Amino acid sequence: MAEFRIRKSVPETVRKGEVFEIKTLVTHPMDNGFMFGRDGKRIPRHIIHRFEAIYNGKTVFGADWHVAVSTNPYISFHALAEESGTIEFRWHDDNGTVHVDSVYIQVI
Amino acid sequence: MSSTHFIGAFLAVEMLAAVVLTAHAQERQLTSGAFPLSGYHYMGTQIQELQDDEFLNPGRFAVDHGLELWLESDGSEGLSCHSCHGDASVSMSGVAARYPQFDENRRSLVNLEGRINEMRTEFMKAEPLELESEEMLALAAYLTFQSLGEVMDVDVSGEAARYLEEGREYYMQRRGQLDLACSQCHDERAGMMLRGDRISQGHVNGFPVYRLIWRSMGSRHRMFRWCNWAVRAEPRELGSDEYLSLELYLAWRGRGLNIESPAVRP
């Protein structure tokens, strides 16, 4: 299977109390379990079933994903920061892996 | 049998013709085969936006991967592409726009993938990359990306002229159970609908492309195989002589178009 690649867009610095946008895009087949391969066998379900954003240890955004989410899932959401910190993204894979990535945001 | 029925039917035909004509007026720009028009113009605005957005374009993942491979040493000589060619944004700028080309030493056509494997085996003493493997597509996408916006311009003079003619023949030849030639759709019916899809002129300036129905990258030759399969003809091998000639013909046919790779196609 292809490597799990992450692309993210997070501002390096934000003003205190300012609403800003966070975007992430990852590579994942998001096999829904309803498709058949060339060998005629059903391709088992393999999706990211949960996405979380944790800011300074506190979950600020979470989403349960189901089989209708497309290949290479993209998500964008807005946040507001009162103090500088690290935002951590967690993608929970059906195969048990949790893909983790984080970025520091400076509040000025 | 009254004549009113006949007039009614006639009016209906007239009205239908009017509707068709209006639709045709809108499509005139797309259907005109007078100048080459990238497949970009034949897809919906949503997919165009997906291609144009640097963040969202899924093909950019392959480009990122390709850069890693460009820097990675492989083979017994301990060389990477970068060891000899340096910064690809300088050394490879415009290169992909001139492929495929006739190779004097090999006495045959060679495309970008063929050249990559030649470099790997001859200079790096590394294993050739499997055609259509993720690595080959990534490296090809990275190289072609260095020509983004460059004008596609292949050399068809001298020895290459023979291959151009072979490619043209393949393109014009009816084949498969549906008995269709490439030209019947992509020259004569470009801009018209084929079920839910709008038929493009069939240019190769976007390759390697991220194709949504494949959910992955694909080369020009994979697309040829797909097209052959679609008319229920027997697909040729990736990298085969027929496909190389066809690739040369299509690159020449779309000369003047800008390289769009990594393009997104439906």
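Colleague: How many salt bridges does the rule find across the interface of chain A and chain B?

Modeller: Let me say at the outset that this is a predicted model, and that everything I describe is computed from it. Across the interface of chain A and chain B, the rule finds 2 salt bridges. One of the salt bridges in the model joins B:Arg215 to A:Asp31, and the closest N and O atoms of that pair are 2.8 Å apart.

Colleague: How should I read the size of such an interface, and what area do chain A and chain B bury between them?

Modeller: The general idea is that the size of an interface is often given as the accessible area lost when the parts come together. In this model, chain A and chain B bury about 1,200 Å² between them, and 55% of that area is on carbon and sulfur atoms. As for the residues that take part, the contact draws 18 from chain A and 13 from chain B.

Colleague: Is A:Thr24 buried or exposed?

Modeller: A residue is called buried when its relative accessible area is under 20%. A:Thr24 has a relative accessible area of 1%, and therefore counts as buried. This residue lies in strand S3 of chain A, which covers residues 19–26. If its neighbours within four places in sequence are left aside, A:Thr24 is in contact with several residues of chain A, among them A:Arg7, A:Phe51, A:Tyr74 and A:Trp91, and also with B:Phe55 of the other chain.

Colleague: Turning to chain B, how many helices and strands does its secondary structure come to?

Modeller: The secondary structure of chain B comes to 11 helices and 7 strands. Of the 266 residues in that chain, 45% count as buried. One can also ask how far apart in sequence the partners in a contact lie: among contacts in chain B between residues at least 6 apart in sequence, 66% join residues at least 24 apart.

Colleague: Which residues lie nearest the centre of the largest pocket?

Modeller: A pocket can be read by its volume, by its lining and by the elements that supply that lining. The largest pocket has a volume of about 1,300 Å³, and of the 46 residues that line it, B:His186, B:Arg211, B:Met223, B:Trp226 and B:Cys227 lie nearest its centre. The elements of chain B that give two or more residues to this lining include helix H8 (160–172), helix H10 (220–230) and helix H11 (241–253), as well as strand S5 (209–211). H10(B) gives the most, with 6 residues. By class, the lining has 27 nonpolar, 11 polar and 8 charged residues.

Colleague: What is the volume of the second largest pocket, and which residues lie nearest its centre?

Modeller: The second largest pocket holds about 850 Å³ of space. Its lining is made of 29 residues, of which A:Ala2, B:Glu134, B:Arg215, B:Ser216 and B:Met217 lie nearest the centre. You will recognise B:Arg215, which forms the salt bridge with A:Asp31. Helix H3 (59–71), helix H7 (134–145) and strand S6 (216–218) of chain B each supply at least two residues of this lining, which by class has 13 nonpolar, 8 polar and 8 charged residues.

Colleague: How many cavities of 30 Å³ or more does the structure hold?

Modeller: A cavity differs from a pocket because the probe fits inside it but cannot get out. The structure holds 1 cavity of 30 Å³ or more, and about 120 Å³ of space lies in the largest cavity. The residues nearest its centre, out of the 13 that line it, are B:Leu112, B:Glu113, B:Phe207, B:Arg220 and B:Glu247. Helix H6 (112–122) and H7 of chain B are the elements that give two or more residues to the lining, whose residues divide into 7 nonpolar, 3 polar and 3 charged.

Colleague: Finally, where in the backbone is B:Pro100 placed, and what kind of peptide bond joins B:Tyr99 to it?

Modeller: Peptide bonds are read through the angle omega. The bond joining B:Tyr99 and B:Pro100 is cis, with omega about 0 degrees, and B:Pro100 is in the loop between helix H5 (88–91) and strand S1 (101–103) of chain B. The peptide bond from B:Ser261 to B:Pro262 is also cis, with omega near 0 degrees, and B:Pro262 is found in the loop between H11 and strand S7 (263–265) of that chain.

Terms used
Residues are numbered from 1 along each chain as its sequence is written. Chains are lettered from A and ligands numbered from 1 in the order in which they are written. This is a predicted model: local features need pLDDT of at least 70, side-chain atom pairs count only at pLDDT 80 or more; totals for chains, interfaces and linings use all residues. Side-chain values use heavy atoms; hydrogens and water are left out. On a 1 Å grid over the protein atoms alone, a cavity is a set of points where a 1.4 Å probe fits but cannot get out, and a pocket is an open set with protein on both sides within 12 Å along at least five of seven lines; lining residues have an atom within 4 Å of a point. Grid points are joined across faces, edges and corners, and a volume is the space filled by probe spheres set on the points. Helices (H or I, at least four residues) and strands (E, at least two) are DSSP runs, numbered from the N terminus. Ala, Val, Leu, Ile, Met, Phe, Trp, Tyr, Cys and Pro count as nonpolar, Asp, Glu, Lys and Arg as charged, and the others, Gly among them, as polar. Contact means heavy atoms within 4.5 Å. Buried area is the accessible area (1.4 Å probe) that two parts lose on being put together, summed over both. A salt bridge is a side-chain nitrogen of Lys or Arg within 4 Å of a carboxyl oxygen of Asp or Glu. Buried means under 20% relative accessible area, exposed over 50%, partly exposed in between (1.4 Å probe, protein chains only).
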